[in-house]
Amino acid sequence: MAGTKELLMLENFIDGKFLPCNSYIDSYDPSTGEVYCRVPDSGKEEIDAAVQAARRAFPGWSSRSPQERSQVLNKLADLLEQSLEELAQAESRDQGKTLTLARTMDIPRSVQNFRFFASSVLHYTSECTQMDHLGCMHYTVRTPVGIAGLISPWNLPLYLLTWKIAPAIAAGNTVIAKPSELTSVTAWMLCKLLDKAGVPPGVVNIVFGTGPRVGEALVSHPEVPLISFTGSQPTAERITQLSAPHCKKLSLELGGKNPAIIFEDANLDECIPATVRSSFANQGEICLCTSRIFVQKSIYSEFLKRFVEATRKWKVSVPSDPSASMGALISKAHLEKVRNYVKKALTEGARIQCGEGVDELHLPARNQAGYFMLPTVITDIKDESCCMREEIFGPVTCVTPFHNEEEVIQRANNVKYGLAATVWSRDVGRVHRVAKKLQSGLVWTNCWLIRELNLPFGGMKSSGIGREGAKDSYDFFTEIKTITVKH
Ligand SMILES: NC(=O)C1=CN([C@@H]2O[C@H](COP(=O)(O)OP(=O)(O)OC[C@H]3O[C@@H](n4cnc5c(N)ncnc54)[C@H](O)[C@@H]3O)[C@@H](O)[C@H]2O)C=CC1
Ligand SMILES: N/C(=C\C=C\C(=O)O)C(=O)O
(Lines give C-alpha, C1' and ligand atoms only; values in the text may rest on other atoms or scores of the structure.)
(Ligands and ions follow the chains in the order given, each with its own letter.)
Protein backbone atom coordinates (compact mmCIF):
# COMPACT_ATOMS: atom_id res chain seq x y z
CA MET A 1 0.00 0.00 0.00
CA ALA A 2 1.21 3.56 -0.72
CA GLY A 3 2.02 5.93 2.18
CA THR A 4 -1.19 6.74 4.09
CA LYS A 5 -0.47 10.49 3.88
CA GLU A 6 -1.07 10.72 0.15
CA LEU A 7 -4.29 8.75 0.21
CA LEU A 8 -7.71 10.25 -0.19
CA MET A 9 -9.66 9.24 2.95
CA LEU A 10 -13.44 8.96 2.64
CA GLU A 11 -15.89 9.14 5.54
CA ASN A 12 -19.46 7.98 5.97
CA PHE A 13 -22.17 10.63 5.83
CA ILE A 14 -24.80 10.04 8.50
CA ASP A 15 -27.28 12.55 9.91
CA GLY A 16 -25.69 15.40 7.97
CA LYS A 17 -22.21 14.73 9.41
CA PHE A 18 -19.05 13.13 8.06
CA LEU A 19 -18.01 10.33 10.40
CA PRO A 20 -14.82 8.27 10.40
CA CYS A 21 -14.96 4.48 10.50
CA ASN A 22 -12.98 1.90 12.52
CA SER A 23 -11.64 0.13 9.45
CA TYR A 24 -11.00 0.97 5.81
CA ILE A 25 -10.66 -0.73 2.41
CA ASP A 26 -8.07 0.19 -0.22
CA SER A 27 -9.43 1.64 -3.44
CA TYR A 28 -7.39 1.47 -6.65
CA ASP A 29 -6.81 3.81 -9.57
CA PRO A 30 -7.66 1.43 -12.45
CA SER A 31 -5.36 3.27 -14.86
CA THR A 32 -2.22 2.61 -12.75
CA GLY A 33 -3.18 -0.26 -10.46
CA GLU A 34 -2.10 1.84 -7.47
CA VAL A 35 -4.01 2.38 -4.24
CA TYR A 36 -5.01 6.05 -4.06
CA CYS A 37 -7.99 6.14 -1.74
CA ARG A 38 -9.36 4.49 1.40
CA VAL A 39 -13.04 3.72 1.76
CA PRO A 40 -14.84 3.09 5.10
CA ASP A 41 -15.44 -0.62 5.72
CA SER A 42 -18.77 -0.05 7.46
CA GLY A 43 -21.06 -2.66 8.97
CA LYS A 44 -24.16 -3.08 11.10
CA GLU A 45 -23.21 -0.35 13.60
CA GLU A 46 -23.09 2.32 10.88
CA ILE A 47 -26.35 1.07 9.33
CA ASP A 48 -28.05 1.27 12.74
CA ALA A 49 -26.87 4.89 13.11
CA ALA A 50 -28.05 5.73 9.59
CA VAL A 51 -31.45 4.14 10.23
CA GLN A 52 -31.90 6.24 13.38
CA ALA A 53 -31.01 9.41 11.47
CA ALA A 54 -33.29 8.54 8.54
CA ARG A 55 -36.13 7.70 10.92
CA ARG A 56 -35.79 11.06 12.71
CA ALA A 57 -35.68 12.99 9.43
CA PHE A 58 -38.67 11.23 7.85
CA PRO A 59 -41.62 13.10 9.46
CA GLY A 60 -40.25 16.53 8.50
CA TRP A 61 -39.14 15.64 4.96
CA SER A 62 -42.20 13.59 4.03
CA SER A 63 -44.58 16.32 5.16
CA ARG A 64 -42.99 18.95 2.90
CA SER A 65 -44.90 19.71 -0.27
CA PRO A 66 -43.64 18.28 -3.57
CA GLN A 67 -42.87 21.89 -4.60
CA GLU A 68 -40.59 22.39 -1.59
CA ARG A 69 -38.77 19.10 -2.20
CA SER A 70 -38.50 19.93 -5.88
CA GLN A 71 -36.73 23.22 -5.08
CA VAL A 72 -34.14 21.36 -3.01
CA LEU A 73 -33.52 18.85 -5.82
CA ASN A 74 -33.10 21.65 -8.36
CA LYS A 75 -30.63 23.42 -6.10
CA LEU A 76 -28.66 20.19 -5.73
CA ALA A 77 -28.63 19.82 -9.53
CA ASP A 78 -27.23 23.37 -9.84
CA LEU A 79 -24.49 22.65 -7.31
CA LEU A 80 -23.53 19.42 -9.03
CA GLU A 81 -23.40 21.24 -12.34
CA GLN A 82 -21.11 23.89 -10.86
CA SER A 83 -18.77 21.06 -9.78
CA LEU A 84 -19.01 19.21 -13.09
CA GLU A 85 -15.33 19.32 -13.97
CA GLU A 86 -14.15 18.31 -10.48
CA LEU A 87 -16.67 15.44 -10.39
CA ALA A 88 -15.76 14.26 -13.88
CA GLN A 89 -12.05 14.16 -12.98
CA ALA A 90 -12.85 12.20 -9.84
CA GLU A 91 -15.17 9.74 -11.61
CA SER A 92 -12.67 9.08 -14.35
CA ARG A 93 -9.86 8.45 -11.88
CA ASP A 94 -11.95 6.24 -9.62
CA GLN A 95 -13.64 4.14 -12.32
CA GLY A 96 -11.09 4.12 -15.17
CA LYS A 97 -13.50 5.56 -17.74
CA THR A 98 -12.36 8.30 -20.10
CA LEU A 99 -12.52 11.83 -18.77
CA THR A 100 -14.46 12.75 -21.91
CA LEU A 101 -17.20 10.24 -21.10
CA ALA A 102 -17.40 11.35 -17.47
CA ARG A 103 -17.66 14.99 -18.65
CA THR A 104 -20.21 14.38 -21.37
CA MET A 105 -22.29 11.54 -19.97
CA ASP A 106 -21.88 10.53 -16.31
CA ILE A 107 -21.94 13.90 -14.60
CA PRO A 108 -24.40 15.70 -16.92
CA ARG A 109 -26.78 12.75 -16.55
CA SER A 110 -26.40 12.89 -12.72
CA VAL A 111 -27.39 16.56 -12.85
CA GLN A 112 -30.29 15.69 -15.14
CA ASN A 113 -31.50 12.96 -12.77
CA PHE A 114 -32.12 15.57 -10.04
CA ARG A 115 -33.68 18.09 -12.45
CA PHE A 116 -35.87 15.45 -14.04
CA PHE A 117 -37.34 14.07 -10.80
CA ALA A 118 -37.64 17.61 -9.38
CA SER A 119 -39.98 18.30 -12.27
CA SER A 120 -41.80 14.97 -12.61
CA VAL A 121 -42.81 14.83 -8.94
CA LEU A 122 -44.93 17.96 -9.47
CA HIS A 123 -47.24 16.33 -11.98
CA TYR A 124 -48.87 13.29 -10.41
CA THR A 125 -52.58 13.03 -9.81
CA SER A 126 -54.39 10.26 -8.01
CA GLU A 127 -57.35 8.17 -9.19
CA CYS A 128 -61.00 8.60 -8.26
CA THR A 129 -64.08 6.52 -9.19
CA GLN A 130 -67.75 6.74 -8.29
CA MET A 131 -70.41 4.13 -7.38
CA ASP A 132 -73.47 6.35 -7.40
CA HIS A 133 -75.90 3.42 -6.96
CA LEU A 134 -74.23 2.68 -3.59
CA GLY A 135 -73.61 6.32 -2.70
CA CYS A 136 -69.84 5.81 -2.70
CA MET A 137 -66.77 7.38 -4.13
CA HIS A 138 -63.31 5.85 -4.07
CA TYR A 139 -59.95 7.51 -4.43
CA THR A 140 -56.30 6.66 -4.04
CA VAL A 141 -53.59 8.39 -2.05
CA ARG A 142 -49.86 7.81 -2.29
CA THR A 143 -47.44 8.18 0.61
CA PRO A 144 -43.66 7.74 0.74
CA VAL A 145 -42.62 4.26 1.81
CA GLY A 146 -40.20 5.33 4.57
CA ILE A 147 -36.48 4.63 4.63
CA ALA A 148 -35.24 3.54 1.20
CA GLY A 149 -32.15 1.32 0.91
CA LEU A 150 -30.26 2.07 -2.31
CA ILE A 151 -27.41 -0.13 -3.56
CA SER A 152 -25.53 0.92 -6.68
CA PRO A 153 -22.71 -0.56 -8.81
CA TRP A 154 -19.30 0.60 -10.02
CA ASN A 155 -19.84 1.06 -13.76
CA LEU A 156 -21.74 4.38 -13.77
CA PRO A 157 -21.18 5.38 -10.14
CA LEU A 158 -22.78 8.81 -9.70
CA TYR A 159 -25.16 8.39 -12.65
CA LEU A 160 -26.83 5.28 -11.19
CA LEU A 161 -26.68 6.44 -7.57
CA THR A 162 -28.52 9.68 -8.41
CA TRP A 163 -31.03 7.74 -10.54
CA LYS A 164 -32.09 6.18 -7.23
CA ILE A 165 -31.58 9.03 -4.72
CA ALA A 166 -33.44 11.64 -6.79
CA PRO A 167 -36.81 9.84 -7.17
CA ALA A 168 -36.64 8.43 -3.64
CA ILE A 169 -36.28 11.81 -1.92
CA ALA A 170 -38.51 13.61 -4.42
CA ALA A 171 -41.32 11.28 -3.32
CA GLY A 172 -40.67 12.13 0.36
CA ASN A 173 -38.59 9.16 1.52
CA THR A 174 -35.38 9.37 3.47
CA VAL A 175 -32.55 7.21 2.17
CA ILE A 176 -29.54 5.14 3.08
CA ALA A 177 -27.36 4.64 0.04
CA LYS A 178 -24.49 2.19 -0.35
CA PRO A 179 -22.36 2.85 -3.43
CA SER A 180 -19.95 0.23 -4.73
CA GLU A 181 -16.83 -0.07 -2.58
CA LEU A 182 -14.83 0.07 -5.83
CA THR A 183 -16.12 3.53 -6.79
CA SER A 184 -17.16 5.58 -3.76
CA VAL A 185 -15.51 8.94 -4.38
CA THR A 186 -18.18 10.90 -6.27
CA ALA A 187 -20.87 9.74 -3.81
CA TRP A 188 -18.72 11.19 -1.01
CA MET A 189 -18.32 14.43 -3.00
CA LEU A 190 -22.10 14.60 -3.42
CA CYS A 191 -22.47 14.51 0.40
CA LYS A 192 -20.50 17.78 0.60
CA LEU A 193 -23.22 19.54 -1.43
CA LEU A 194 -26.28 18.29 0.42
CA ASP A 195 -26.37 20.84 3.23
CA LYS A 196 -25.83 23.77 0.84
CA ALA A 197 -28.71 22.50 -1.32
CA GLY A 198 -31.00 22.49 1.71
CA VAL A 199 -31.24 18.72 2.20
CA PRO A 200 -31.94 18.36 5.95
CA PRO A 201 -29.67 16.09 8.05
CA GLY A 202 -30.74 12.44 7.92
CA VAL A 203 -32.62 12.70 4.61
CA VAL A 204 -29.67 11.35 2.62
CA ASN A 205 -27.22 9.08 4.45
CA ILE A 206 -24.38 7.45 2.55
CA VAL A 207 -22.65 4.48 4.14
CA PHE A 208 -19.60 3.02 2.40
CA GLY A 209 -18.25 -0.52 2.38
CA THR A 210 -18.56 -3.99 0.93
CA GLY A 211 -21.69 -5.86 -0.11
CA PRO A 212 -21.39 -8.78 2.30
CA ARG A 213 -20.83 -6.50 5.35
CA VAL A 214 -22.64 -3.20 5.01
CA GLY A 215 -24.83 -4.13 2.02
CA GLU A 216 -26.32 -7.10 3.83
CA ALA A 217 -26.75 -5.10 7.05
CA LEU A 218 -28.80 -2.59 5.05
CA VAL A 219 -30.86 -5.20 3.21
CA SER A 220 -31.59 -7.14 6.43
CA HIS A 221 -32.56 -4.15 8.52
CA PRO A 222 -36.23 -4.48 9.54
CA GLU A 223 -36.80 -0.72 9.41
CA VAL A 224 -35.77 -0.43 5.74
CA PRO A 225 -38.90 -1.54 3.85
CA LEU A 226 -37.62 -1.00 0.31
CA ILE A 227 -34.45 -1.86 -1.60
CA SER A 228 -33.52 -0.54 -5.02
CA PHE A 229 -30.54 -2.45 -6.41
CA THR A 230 -28.51 -2.28 -9.62
CA GLY A 231 -25.84 -4.91 -10.15
CA SER A 232 -25.29 -8.58 -10.79
CA GLN A 233 -27.82 -11.39 -10.80
CA PRO A 234 -26.13 -13.48 -8.03
CA THR A 235 -26.17 -10.48 -5.71
CA ALA A 236 -29.82 -9.86 -6.56
CA GLU A 237 -30.56 -13.43 -5.54
CA ARG A 238 -28.89 -12.88 -2.16
CA ILE A 239 -30.77 -9.60 -1.67
CA THR A 240 -34.05 -11.35 -2.50
CA GLN A 241 -33.33 -14.07 0.09
CA LEU A 242 -32.47 -11.55 2.81
CA SER A 243 -35.49 -9.37 2.05
CA ALA A 244 -37.99 -12.21 1.90
CA PRO A 245 -38.62 -12.55 5.67
CA HIS A 246 -39.56 -8.83 5.75
CA CYS A 247 -41.58 -8.79 2.48
CA LYS A 248 -39.58 -5.78 1.28
CA LYS A 249 -40.41 -3.89 -1.88
CA LEU A 250 -37.68 -4.69 -4.39
CA SER A 251 -36.52 -3.10 -7.60
CA LEU A 252 -33.76 -5.12 -9.27
CA GLU A 253 -31.93 -3.77 -12.32
CA LEU A 254 -29.58 -6.55 -13.41
CA GLY A 255 -27.42 -7.59 -16.29
CA GLY A 256 -27.98 -8.30 -19.95
CA LYS A 257 -26.72 -10.31 -22.91
CA ASN A 258 -27.95 -7.76 -25.36
CA PRO A 259 -28.38 -8.61 -29.04
CA ALA A 260 -27.94 -6.25 -31.99
CA ILE A 261 -29.87 -7.53 -35.02
CA ILE A 262 -28.63 -6.15 -38.31
CA PHE A 263 -30.76 -6.79 -41.39
CA GLU A 264 -29.43 -6.57 -44.96
CA ASP A 265 -31.26 -3.27 -45.58
CA ALA A 266 -29.63 -1.53 -42.58
CA ASN A 267 -27.87 1.76 -43.12
CA LEU A 268 -24.37 0.51 -42.36
CA ASP A 269 -22.86 4.00 -42.31
CA GLU A 270 -24.94 4.67 -39.22
CA CYS A 271 -25.14 1.15 -37.85
CA ILE A 272 -21.41 0.39 -37.71
CA PRO A 273 -20.23 3.35 -35.59
CA ALA A 274 -23.29 3.00 -33.36
CA THR A 275 -22.65 -0.72 -32.85
CA VAL A 276 -18.97 -0.11 -32.04
CA ARG A 277 -20.17 2.38 -29.43
CA SER A 278 -22.90 0.09 -28.11
CA SER A 279 -20.35 -2.72 -27.72
CA PHE A 280 -17.44 -0.79 -26.23
CA ALA A 281 -18.68 2.42 -24.58
CA ASN A 282 -17.46 2.68 -20.99
CA GLN A 283 -15.19 -0.35 -21.72
CA GLY A 284 -18.33 -2.41 -22.37
CA GLU A 285 -19.21 -1.93 -18.71
CA ILE A 286 -22.83 -0.85 -19.15
CA CYS A 287 -25.65 -3.30 -18.66
CA LEU A 288 -27.11 -2.05 -21.97
CA CYS A 289 -23.99 -2.79 -24.05
CA THR A 290 -24.30 -5.01 -27.09
CA SER A 291 -22.51 -8.34 -26.78
CA ARG A 292 -24.11 -10.50 -29.48
CA ILE A 293 -24.26 -9.09 -33.01
CA PHE A 294 -26.47 -11.01 -35.42
CA VAL A 295 -25.84 -9.98 -39.04
CA GLN A 296 -27.91 -11.13 -42.03
CA LYS A 297 -25.84 -13.54 -44.12
CA SER A 298 -25.93 -11.47 -47.34
CA ILE A 299 -24.08 -8.55 -45.70
CA TYR A 300 -22.08 -10.53 -43.11
CA SER A 301 -18.66 -10.25 -44.81
CA GLU A 302 -18.99 -6.57 -45.60
CA PHE A 303 -20.28 -5.79 -42.10
CA LEU A 304 -17.52 -7.76 -40.38
CA LYS A 305 -14.74 -6.13 -42.41
CA ARG A 306 -16.03 -2.64 -41.73
CA PHE A 307 -16.88 -3.36 -38.08
CA VAL A 308 -13.41 -4.72 -37.32
CA GLU A 309 -11.80 -1.72 -39.06
CA ALA A 310 -13.92 0.66 -37.00
CA THR A 311 -13.17 -1.25 -33.78
CA ARG A 312 -9.43 -0.99 -34.42
CA LYS A 313 -9.83 2.80 -34.54
CA TRP A 314 -11.52 2.78 -31.11
CA LYS A 315 -8.52 4.03 -29.16
CA VAL A 316 -7.60 2.60 -25.77
CA SER A 317 -5.57 5.07 -23.79
CA VAL A 318 -5.10 6.70 -20.40
CA PRO A 319 -8.44 8.12 -19.25
CA SER A 320 -7.26 11.73 -19.44
CA ASP A 321 -6.26 11.45 -23.12
CA PRO A 322 -8.84 13.55 -25.04
CA SER A 323 -8.56 11.22 -28.03
CA ALA A 324 -9.26 8.07 -25.98
CA SER A 325 -12.45 6.13 -26.74
CA MET A 326 -11.86 3.65 -23.94
CA GLY A 327 -10.01 3.76 -20.61
CA ALA A 328 -9.24 1.05 -18.05
CA LEU A 329 -11.51 -1.70 -16.74
CA ILE A 330 -12.64 -1.47 -13.15
CA SER A 331 -10.31 -3.94 -11.42
CA LYS A 332 -7.59 -6.49 -11.90
CA ALA A 333 -10.02 -9.30 -11.05
CA HIS A 334 -12.54 -8.04 -13.57
CA LEU A 335 -9.87 -7.70 -16.29
CA GLU A 336 -8.86 -11.32 -15.67
CA LYS A 337 -12.49 -12.44 -15.82
CA VAL A 338 -13.04 -10.69 -19.17
CA ARG A 339 -9.78 -12.04 -20.61
CA ASN A 340 -10.73 -15.55 -19.52
CA TYR A 341 -13.87 -15.34 -21.65
CA VAL A 342 -11.69 -14.64 -24.70
CA LYS A 343 -9.40 -17.58 -23.81
CA LYS A 344 -12.43 -19.84 -23.42
CA ALA A 345 -13.75 -18.80 -26.84
CA LEU A 346 -10.40 -19.70 -28.40
CA THR A 347 -10.43 -23.15 -26.86
CA GLU A 348 -13.88 -23.65 -28.38
CA GLY A 349 -12.52 -22.90 -31.86
CA ALA A 350 -13.73 -19.31 -32.19
CA ARG A 351 -11.69 -16.68 -34.06
CA ILE A 352 -10.53 -13.41 -32.52
CA GLN A 353 -10.76 -10.82 -35.29
CA CYS A 354 -9.10 -7.99 -33.40
CA GLY A 355 -8.10 -6.96 -29.90
CA GLU A 356 -7.02 -9.31 -27.10
CA GLY A 357 -4.09 -11.50 -28.16
CA VAL A 358 -4.19 -10.21 -31.76
CA ASP A 359 -3.28 -6.52 -31.66
CA GLU A 360 -0.77 -4.69 -29.53
CA LEU A 361 -1.73 -2.28 -26.80
CA HIS A 362 0.63 0.67 -26.26
CA LEU A 363 0.58 2.39 -22.88
CA PRO A 364 2.84 4.87 -21.08
CA ALA A 365 5.28 3.34 -18.55
CA ARG A 366 3.29 4.50 -15.49
CA ASN A 367 0.13 2.80 -16.80
CA GLN A 368 1.63 -0.61 -17.55
CA ALA A 369 0.02 -2.08 -14.40
CA GLY A 370 -3.36 -0.51 -15.22
CA TYR A 371 -6.34 -2.68 -16.15
CA PHE A 372 -6.45 -1.97 -19.88
CA MET A 373 -7.65 -4.24 -22.66
CA LEU A 374 -8.26 -3.74 -26.37
CA PRO A 375 -11.81 -3.94 -27.75
CA THR A 376 -12.18 -7.49 -28.95
CA VAL A 377 -14.36 -8.98 -31.69
CA ILE A 378 -15.07 -12.72 -31.70
CA THR A 379 -16.53 -14.71 -34.64
CA ASP A 380 -17.11 -18.35 -35.53
CA ILE A 381 -18.71 -18.92 -32.17
CA LYS A 382 -21.67 -21.14 -31.31
CA ASP A 383 -24.79 -19.78 -29.61
CA GLU A 384 -24.16 -22.32 -26.79
CA SER A 385 -20.74 -20.83 -25.94
CA CYS A 386 -20.47 -19.05 -22.57
CA CYS A 387 -19.38 -15.92 -24.51
CA MET A 388 -22.79 -15.95 -26.23
CA ARG A 389 -24.79 -16.71 -23.05
CA GLU A 390 -23.15 -15.05 -20.04
CA GLU A 391 -22.76 -11.38 -19.24
CA ILE A 392 -19.08 -10.51 -19.84
CA PHE A 393 -19.43 -6.82 -18.94
CA GLY A 394 -16.25 -5.85 -20.75
CA PRO A 395 -14.99 -4.84 -24.21
CA VAL A 396 -15.81 -8.12 -25.94
CA THR A 397 -18.50 -8.64 -28.56
CA CYS A 398 -19.42 -11.65 -30.71
CA VAL A 399 -20.53 -11.45 -34.36
CA THR A 400 -22.53 -14.23 -35.97
CA PRO A 401 -24.55 -14.60 -39.21
CA PHE A 402 -28.29 -15.32 -39.52
CA HIS A 403 -30.60 -16.14 -42.44
CA ASN A 404 -34.09 -14.90 -41.66
CA GLU A 405 -36.27 -12.96 -39.26
CA GLU A 406 -37.88 -15.90 -37.50
CA GLU A 407 -34.53 -17.58 -36.86
CA VAL A 408 -32.86 -14.47 -35.48
CA ILE A 409 -35.71 -13.68 -33.09
CA GLN A 410 -35.53 -17.19 -31.68
CA ARG A 411 -31.74 -17.01 -31.26
CA ALA A 412 -31.79 -13.50 -29.80
CA ASN A 413 -34.35 -14.62 -27.20
CA ASN A 414 -32.53 -17.83 -26.37
CA VAL A 415 -30.64 -16.53 -23.30
CA LYS A 416 -31.70 -16.09 -19.68
CA TYR A 417 -31.43 -12.30 -19.87
CA GLY A 418 -33.88 -9.81 -21.40
CA LEU A 419 -32.65 -6.27 -20.92
CA ALA A 420 -31.90 -4.36 -24.12
CA ALA A 421 -31.77 -5.05 -27.86
CA THR A 422 -31.05 -3.04 -30.99
CA VAL A 423 -32.61 -3.67 -34.40
CA TRP A 424 -31.18 -2.17 -37.59
CA SER A 425 -33.39 -2.07 -40.71
CA ARG A 426 -34.97 0.51 -43.03
CA ASP A 427 -38.17 -1.58 -43.21
CA VAL A 428 -40.59 0.10 -40.79
CA GLY A 429 -42.93 -2.87 -40.63
CA ARG A 430 -40.11 -5.25 -39.82
CA VAL A 431 -38.71 -2.97 -37.15
CA HIS A 432 -42.04 -2.90 -35.29
CA ARG A 433 -42.64 -6.62 -35.76
CA VAL A 434 -39.22 -7.68 -34.50
CA ALA A 435 -39.20 -5.21 -31.60
CA LYS A 436 -42.50 -6.60 -30.38
CA LYS A 437 -41.30 -10.21 -30.46
CA LEU A 438 -38.00 -9.65 -28.67
CA GLN A 439 -37.96 -10.63 -25.00
CA SER A 440 -36.37 -7.42 -23.89
CA GLY A 441 -37.34 -4.56 -21.58
CA LEU A 442 -35.88 -2.03 -24.03
CA VAL A 443 -35.53 -2.13 -27.80
CA TRP A 444 -33.70 0.58 -29.72
CA THR A 445 -34.21 0.57 -33.46
CA ASN A 446 -31.64 2.28 -35.71
CA CYS A 447 -30.04 3.86 -32.62
CA TRP A 448 -28.72 3.00 -29.16
CA LEU A 449 -28.99 4.53 -25.69
CA ILE A 450 -31.31 7.37 -26.53
CA ARG A 451 -33.00 7.64 -23.15
CA GLU A 452 -36.52 8.93 -22.45
CA LEU A 453 -36.56 9.16 -18.67
CA ASN A 454 -40.37 9.40 -18.59
CA LEU A 455 -40.77 5.83 -19.85
CA PRO A 456 -40.13 2.53 -18.04
CA PHE A 457 -36.52 1.34 -17.77
CA GLY A 458 -35.68 -2.24 -16.76
CA GLY A 459 -35.45 -5.80 -17.92
CA MET A 460 -37.42 -9.02 -18.15
CA LYS A 461 -36.39 -12.61 -17.31
CA SER A 462 -33.10 -12.66 -15.31
CA SER A 463 -32.48 -8.99 -16.12
CA GLY A 464 -34.55 -7.88 -13.20
CA ILE A 465 -37.78 -7.14 -11.47
CA GLY A 466 -39.67 -3.87 -11.76
CA ARG A 467 -39.16 -0.76 -13.83
CA GLU A 468 -37.83 2.69 -13.00
CA GLY A 469 -38.50 6.01 -14.76
CA ALA A 470 -40.80 8.92 -13.96
CA LYS A 471 -44.10 7.23 -13.12
CA ASP A 472 -42.58 3.81 -12.36
CA SER A 473 -40.09 5.27 -9.88
CA TYR A 474 -42.85 7.29 -8.26
CA ASP A 475 -44.99 4.16 -7.91
CA PHE A 476 -42.05 2.20 -6.51
CA PHE A 477 -41.00 4.81 -3.97
CA THR A 478 -44.56 5.34 -2.70
CA GLU A 479 -47.27 3.16 -1.17
CA ILE A 480 -50.75 3.38 -2.59
CA LYS A 481 -53.93 3.29 -0.53
CA THR A 482 -57.54 3.10 -1.76
CA ILE A 483 -60.06 5.05 0.33
CA THR A 484 -63.82 4.54 0.04
CA VAL A 485 -66.21 7.27 1.22
CA LYS A 486 -69.93 6.57 1.58
CA HIS A 487 -71.91 9.79 1.36
N1 LIG B 1 -25.54 -2.84 -13.86
C2 LIG B 1 -25.20 -4.06 -14.05
O3 LIG B 1 -25.84 -4.77 -14.74
C4 LIG B 1 -24.00 -4.53 -13.37
C5 LIG B 1 -23.61 -5.83 -13.56
N6 LIG B 1 -22.51 -6.27 -12.94
C7 LIG B 1 -22.14 -7.67 -13.21
O8 LIG B 1 -21.75 -8.27 -12.01
C9 LIG B 1 -20.45 -8.77 -12.11
C10 LIG B 1 -19.78 -8.68 -10.77
O11 LIG B 1 -19.62 -7.34 -10.37
P12 LIG B 1 -19.79 -6.94 -8.85
O13 LIG B 1 -19.15 -5.66 -8.56
O14 LIG B 1 -19.37 -8.10 -8.02
O15 LIG B 1 -21.39 -6.72 -8.79
P16 LIG B 1 -22.31 -6.77 -7.53
O17 LIG B 1 -23.68 -7.03 -7.97
O18 LIG B 1 -21.73 -7.67 -6.52
O19 LIG B 1 -22.20 -5.28 -6.96
C20 LIG B 1 -23.18 -4.28 -7.09
C21 LIG B 1 -23.44 -3.63 -5.74
O22 LIG B 1 -23.99 -4.61 -4.85
C23 LIG B 1 -23.25 -4.62 -3.63
N24 LIG B 1 -23.31 -5.97 -3.07
C25 LIG B 1 -22.52 -7.04 -3.36
N26 LIG B 1 -22.89 -8.10 -2.61
C27 LIG B 1 -23.93 -7.70 -1.85
C28 LIG B 1 -24.73 -8.35 -0.86
N29 LIG B 1 -24.52 -9.62 -0.52
N30 LIG B 1 -25.72 -7.65 -0.25
C31 LIG B 1 -25.93 -6.36 -0.59
N32 LIG B 1 -25.20 -5.68 -1.49
C33 LIG B 1 -24.20 -6.35 -2.13
C34 LIG B 1 -21.87 -4.19 -4.06
O35 LIG B 1 -21.11 -3.77 -2.94
C36 LIG B 1 -22.20 -3.08 -5.04
O37 LIG B 1 -22.52 -1.91 -4.34
C38 LIG B 1 -19.83 -7.95 -13.22
O39 LIG B 1 -18.79 -8.61 -13.82
C40 LIG B 1 -20.98 -7.76 -14.14
O41 LIG B 1 -21.13 -8.88 -14.96
C42 LIG B 1 -21.78 -5.49 -12.11
C43 LIG B 1 -22.12 -4.18 -11.88
C44 LIG B 1 -23.24 -3.60 -12.54
N1 LIG C 1 -28.44 0.46 -15.21
C2 LIG C 1 -27.41 0.66 -16.05
C3 LIG C 1 -27.43 1.63 -16.99
C4 LIG C 1 -28.48 2.60 -17.10
C5 LIG C 1 -28.43 3.55 -18.01
C6 LIG C 1 -29.46 4.57 -18.10
O7 LIG C 1 -30.34 4.62 -17.25
O8 LIG C 1 -29.40 5.37 -19.01
C9 LIG C 1 -26.24 -0.21 -15.85
O10 LIG C 1 -25.30 -0.18 -16.62
O11 LIG C 1 -26.26 -0.94 -14.87
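How far from an oxygen atom of ligand 1 does a polar side-chain atom of Glu181 lie? The views below, taken from a predicted model, include the answer.

**View 1. Polar side chains at the oxygen atoms of ligand 1.** The polar side-chain atom of Glu181 lies 2.7 Å from an oxygen atom of the ligand. For Lys178, an N or O atom of the side chain is 2.9 Å from an oxygen atom of ligand 1. The side chain of Thr235 likewise places an N or O atom 2.9 Å from a ligand oxygen atom. The protein buries 87% of the 800 Å² that ligand 1 exposes when taken alone.

**View 2. The residues around ligand 1 and the pocket.** Ligand 1 occupies the largest pocket. It is surrounded by 25 residues, of which Ser152, Trp154, Glu181, Ser232 and Lys337 are the closest. Sorted by class, the shell consists of 11 polar, eight nonpolar and six charged residues.

**View 3. Secondary structure elements that supply the shell.** At least two shell residues come from each of α7 (211-220), β11 (226-230), α8 (233-243) and α11 (332-347). Among the contributions to the shell, that of α7 is the largest share, with three residues.

**View 4. Ligand 1 and the two domains.** Domain 1 (8-254 + 463-486) and domain 2 (258-445) each give at least three residues to the shell around ligand 1.

Definitions and conventions
Residues numbered from 1 in each chain as written. Chains lettered and ligands numbered in written order. Predicted model: local features only at pLDDT ≥ 70, side-chain atom pairs only at ≥ 80, totals over all residues. Heavy atoms only, no water. Near = heavy atom within 4 Å. Polar contact = N/O pair within 3.5 Å; in protein donor to acceptor, adjacent residues only side chain to side chain. Areas by Shrake-Rupley, 256 points an atom, 1.4 Å probe, with all protein chains shown as cover. 1 Å grid on protein atoms, 1.4 Å probe; cavity = no way out; pocket = protein on both sides within 12 Å on 5 of 7 lines; lining within 4 Å. Sits in = over half its atoms within 2 Å of the grid points. Helix = DSSP H or I, 4+ residues; strand = E, 2+ residues; numbered from the N terminus. Nonpolar A, V, L, I, M, F, W, Y, C, P; charged D, E, K, R; others polar. Domains from an automatic or database assignment.
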